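User: I would like a close look at a single part of this model, namely its open spaces and what surrounds them. Please take me through it step by step, and add the neighbouring packing where it helps.

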Amino acid sequence: MQLQKNQRISLQITGMTAEGSGVGWVPSDGVESQGLAVFVPYTAVGDEIECRIVKVMSNRAYGITETLLSASPDRLTDMEQEASSCPVFGKCGGCVYRHIRYEAELRYKQQRVADALHRIGGLNPELCPIIPCDRSDHYRNKAQYPVAPGTYRPLIGFYAPRSHRVVEQHHCPLQPEIFGTAVDIVLQWVKGTGLPVYNEQTGEGILRHLYLRQGQTTGELMICLVCRSGKLPQAKELITRLREALPGLTSVIVNLNPRETNVVLGKESYVLWGRETITDELCGLRFHLSPRSFYQVNHEQAQRLYRLAASEAALTGTQTLLDLYCGTGTIGLTMAHRVKELIGAETVPEAIEDARKNALENGIQNARFLCADAAQAARQLEEQHIRPQVVILDPPRKGCDEELIGILSRMGPDRIVYVSCDPATLARDLARFQQKNYTVVRVTPVDMFPRTAHVECVSLLVKNKPIQ
């Protein structure tokens, strides 16, 4: 069948993409394997739908649901979906799974990891069951809200999928309720003062983003106003309103970002009121968090993930532990009491400063931190003939550089624990390590971000013993 834009077809959803869209096949000459894949968002495996084609490419097509002909067992009932609903679900670029049961979401994510390992990496390690999250809403401790000019008033919310169009949403179900209160107050202040908000098309305006962060265990709240310049009208009035309405408010910061860029935070900040950091406790340690600090957004799951990583590291108290992409040092510092020496490396100077402060705050004296990218730090340690017995990798979504994998294989740690936020780049990197004399023992998915398409993994690699 040759598909055309705006054509309506019946379609059965038989799979899911990594981004959380359903997949159905339009057969060619009656043979499904020779057909065309059609991707339809907000569907579920087992759905039968009437689909309208919105885009046709040589090897795939995209559609939207016109009519749900037969619902998948994975779908929530109307009553269940109403209880789980969000007014901008399907418009905002955050959640993709609010229409299905959480058990089905976990199954989809488990399959996504399995598919990546097999198809991309050609790997067949032990794949452990995904570790679920106790709650699928109100689990985030950080939010970044873009601000944009609207037709009649400024908008604060989240970007629509694959765009920079702001969908207004103050009370996101994934965030703490106090975040919505803070957004309401800031918007009222913006409207009352006439503060111009940033316009991406013209590069004019002042307020660009509202960045919120909360300590899960301490309740301390940080509000960061990301601005093109630092001139804020009636700032004292804003502080008064925030302090009256927000228990735990600890820090109000202005971050300056004058550049025309998609990067949210600029390099300079100043305290408008309160402290320059907030604190939180994780795995029994206390951490100071600045606006630029990396910190896992799901506190409960982060503790599970870190404990799993420590278990896979099999620390005995005698090893040197190398924590690459260490951020503010959280994952390595939670293991420092079980190693001889901890060495962390990170490219962001502010993060390294925070890591050193966090070590001092927790009385950890066997840790040191290098301000360098992962490959540069590993190369430096290799030149100094330092051989870590265990390495923790927690890279960004793009994964590890091939150069780093080569350096680490020469250093020859006994165990590598790879924490990944992207199954595709994880599978690629695990395959590269396997070519460098390492065995991928097992992979454990962890659901850090319920209702979104993201899935974290903890993988264990061990060095192959030489053949006698």
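**Cavity, pocket and surrounding packing**

Analyst: In this predicted model, the count of cavities of 30 Å³ or more comes to one. The largest cavity has a volume of about 40 Å³, and its lining is made up of F294, Y306, Y325, C326, T330, I331 and D394. Sorted by class, that lining holds five nonpolar residues, one polar residue and one charged residue.

The second largest pocket, by contrast with a cavity an open space, encloses about 630 Å³. It is lined by 24 residues, and those that lie nearest its centre are M16, T17, A18, D115 and R119. Several elements contribute to this lining, since β1 (8-16), β2 (22-28), α2 (102-120) and α10 (423-434) each supply at least two residues, while α2 gives the most, with nine residues. By class, the lining of the second largest pocket divides into 13 nonpolar, four polar and seven charged residues.

One of the elements of that lining, α10, also packs against another helix: α9 (residues 402-411) and α10 meet at an angle of about 35°, and their axes are 10 Å apart. The crossing of these two helices is right-handed. On the α9 side the contact is made by E402, I405 and L408, and on the α10 side by D429, R432 and F433; taken by class, the residues of this contact are three nonpolar, no polar and three charged.

Turning to the strands, an open sheet of seven strands runs in the order β9-β8-β7-β10-β11-β12-β13, and its pairing is mixed. Because β9 (166-168) and β13 (268-274) stand at the edges and each has a single partner strand, one side of each is left without a neighbour in the sheet. Neighbouring strands of this sheet are turned against each other by 35° on average, with direction ignored. Within the sheet, β11 (residues 221-227) and β12 (residues 249-256) run parallel and are joined by seven bridges, and in this pairing L221 stands opposite L249 of β12. Helix α3 (residues 177-193) lies across β7 (142-149), β8 (154-159), β9, β10 (207-214) and β11, and the helix runs at about 155° to β10.

Note on methods. Residues numbered from 1 in each chain as written. Predicted model: local features only at pLDDT ≥ 70, side-chain atom pairs only at ≥ 80, totals over all residues. Heavy atoms only, no water. 1 Å grid on protein atoms, 1.4 Å probe; cavity = no way out; pocket = protein on both sides within 12 Å on 5 of 7 lines; lining within 4 Å. Points joined across faces, edges and corners; volume = space filled by probe spheres on them. Helix = DSSP H or I, 4+ residues; strand = E, 2+ residues; numbered from the N terminus. Nonpolar A, V, L, I, M, F, W, Y, C, P; charged D, E, K, R; others polar. Axes fitted to C-alpha atoms, helices over the stretch in contact; angles between N-to-C directions. Left-handed = near helix turned anticlockwise from the far one by under 90°. Contact = heavy atoms within 4.5 Å. Pairing = 2+ DSSP bridges.
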